[in-house]
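Student: I would like to learn how to read a structure feature by feature. Where do we begin?
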Amino acid sequence: MSDGWEQSAQAWIASQGEEGDFGRRWVMDAPMLERVRRRPHRRAIDVGCGEGRFCRMLKAEGVEAVGIDPAAGLIDHARRLDPEGDYRVEAAEALGFEDGSFDLVVSYLSLIDIPDAAAAIGEMARVLAPGGRLLIANLASYNSAGDVNDLGWSTLSDGRRAHAMDHYLEEKVAWIAWKDIRIQNWHRPLSTYMTLLLDQGLRLTHFAEPRADPGGDPLRAAHYNRAPWFMLMEWEKPSLSPGSG
């Protein structure tokens, strides 16, 4: 069964443009790049790279970047924009790379699109080199609990605006539509992601819920900050101990 990404590829490309949508350009890009810049990285993989925008940003930082995505239409566009780049049609649940191939693994707002999060996180941990970092941006789980239950912003009886959610602890997939894009999104409670990552033996080194930069649109930024959509996590794969082979 299609998840909608192939059919929505052109609409998605149009929505992102060269600089990304509001959430990427004015909320997540800066903190994601700040984490990347904190240490040198030789080779990265962007799992669920879409049209390749963050791969190109990594390359601008001097990082050799590989992008994978199951939607061929998105990968084709990434190749057109970056002919010398390495972009592959692959699923996150079965990465075609050897163990420890990358010292940086990125999942930039892709976990919500992946049907088998356990398999995908296991693969991300497998291809991550000891001492490497897994950098994750994801939709906040309270937000996805609203989206998949057709909730979100509503007006209360006293006239106040509030963001609603329901069935937070129940994992659920639903169709989400906007700007001619219609795709499946997965809601999972934060505890699901934390457990899967901890089970891989990874160590949490950073967690943030970034505010929007008011430099783009102050009113939109203020509205975003009332109920932030995104979270950022950085995990480290422990280095091999001496003599562990």
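Tutor: With accessibility: a residue is called buried under 20% relative accessible area, exposed over 50%, and partly exposed in between. The model here is predicted.

Student: How is Gly216 classed on that scale, buried, partly exposed or exposed?

Tutor: Gly216 has a relative accessible area of 37%, so it is partly exposed. It is found in the loop that runs between strand 10 and helix 8 (218-226). The C-alpha atoms of Gly216 and Phe22 are 8.3 Å apart, although 194 residues separate them along the chain.

Student: How do I read a sheet, and what is the strand order in the open sheet of this model?

Tutor: The general idea is that strands of a sheet pair through backbone hydrogen bonds, in a parallel or an antiparallel way. In this model, seven strands make up an open sheet with the order 3-2-1-4-5-11-10, and the pairing is mixed. Strand 3 (86-89) and strand 10 (203-208) are the edge strands, each pairing on one side only. On average, neighbouring strands of this sheet are turned by 15° against each other, direction ignored.

Student: In which sense do strand 4 and strand 5 pair, parallel or antiparallel?

Tutor: Strand 4 (residues 102-108) and strand 5 (residues 128-139) are parallel, with six bridges between them. Within that pair, Leu104 stands opposite Arg133 of strand 5.

Student: Which strands does helix 2 touch where it packs on the sheet?

Tutor: Helix 2 (residues 22-36) touches strand 4, strand 5, strand 10 and strand 11 (230-236), and its direction makes about 15° with that of strand 11. Helix 7 (residues 190-199) also packs on the sheet, touching strand 5, strand 10 and strand 11; the direction of helix 7 makes about 15° with that of strand 11.

Student: What about strand 8 and strand 9: how many bridges join them?

Tutor: Seven bridges connect strand 8 (residues 172-178) with strand 9, and the two run antiparallel. Ile176 is placed opposite Ile183 of strand 9. The two strands form a hairpin with two residues between them, where Lys179 has a positive phi near 45°.

Student: Why is strand 9 described as largely enclosed?

Tutor: Strand 9 (residues 181-187) has seven residues, five of which are buried, so the rest of the structure largely encloses it.

Student: The same reading should work for a helix. How many residues of helix 1 are buried?

Tutor: Six of the eight residues of helix 1 (residues 9-16) are buried, and the helix is mostly covered. The buried ones are Ala9, Ala11, Trp12, Ile13, Ser15 and Gln16. Their cover includes helix 2, helix 3 (53-60), helix 4 (72-81), strand 8 and strand 9. After helix 1 comes Gly17, with a positive phi near 60°.

Student: How do I read a charged residue, and which residues form a salt bridge with Glu19 and with Arg24?

Tutor: The criterion is a side-chain nitrogen of Lys or Arg within 4 Å of a carboxyl oxygen of Asp or Glu. The structure has 18 salt bridges. Glu19 pairs with Arg25, their closest N and O atoms lying 2.7 Å apart. Glu19 is partly exposed at 44% relative accessible area, and Arg25 is partly exposed at 38%. Arg24 forms a salt bridge with Asp21 at 2.8 Å, N to O. Here Arg24 counts as buried at 11%, whereas Asp21 is partly exposed at 23%.

Student: Which residues are linked in a network of salt bridges?

Tutor: The network links Glu34, Arg35, Arg38, Arg133, Arg203, Glu234 and Glu236. One of its salt bridges joins Arg38 and Glu34, with 3.2 Å between the closest N and O atoms. Arg38 is exposed at 53% relative accessible area, while Glu34 counts as partly exposed at 35%.

Student: Now a charged residue without such a partner. Where does Glu90 lie, and what does its side chain reach?

Tutor: Glu90 sits in the loop between strand 3 and strand 4. It is buried but has no salt bridge, and Arg88, the nearest side chain of opposite charge, is 4.5 Å away. The side chain of Glu90 does reach the backbone nitrogen of Gly96, at 3.0 Å. Leaving aside residues up to four places away in sequence, Glu90 touches Ile68, Asp69, Pro70, Leu95, Gly96 and Phe97.

Notes: Residues are numbered from 1 along each chain as its sequence is written. This is a predicted model: local features need pLDDT of at least 70, side-chain atom pairs count only at pLDDT 80 or more; totals for chains, interfaces and linings use all residues. Side-chain values use heavy atoms; hydrogens and water are left out. Buried means under 20% relative accessible area, exposed over 50%, partly exposed in between (1.4 Å probe, protein chains only). Helices (H or I, at least four residues) and strands (E, at least two) are DSSP runs, numbered from the N terminus. Two strands pair if DSSP finds at least two bridges between them. Axes are lines fitted to C-alpha atoms, for helices over the stretch in contact, and angles run from 0 to 180 degrees between N-to-C directions. Contact means heavy atoms within 4.5 Å. Lys and Arg count as positive and Asp and Glu as negative; His and the chain ends are not counted. A polar contact is a pair of N or O atoms within 3.5 Å; within protein, one must be able to donate a hydrogen and the other to accept it, and residues adjacent in sequence count only if both atoms are side-chain atoms.
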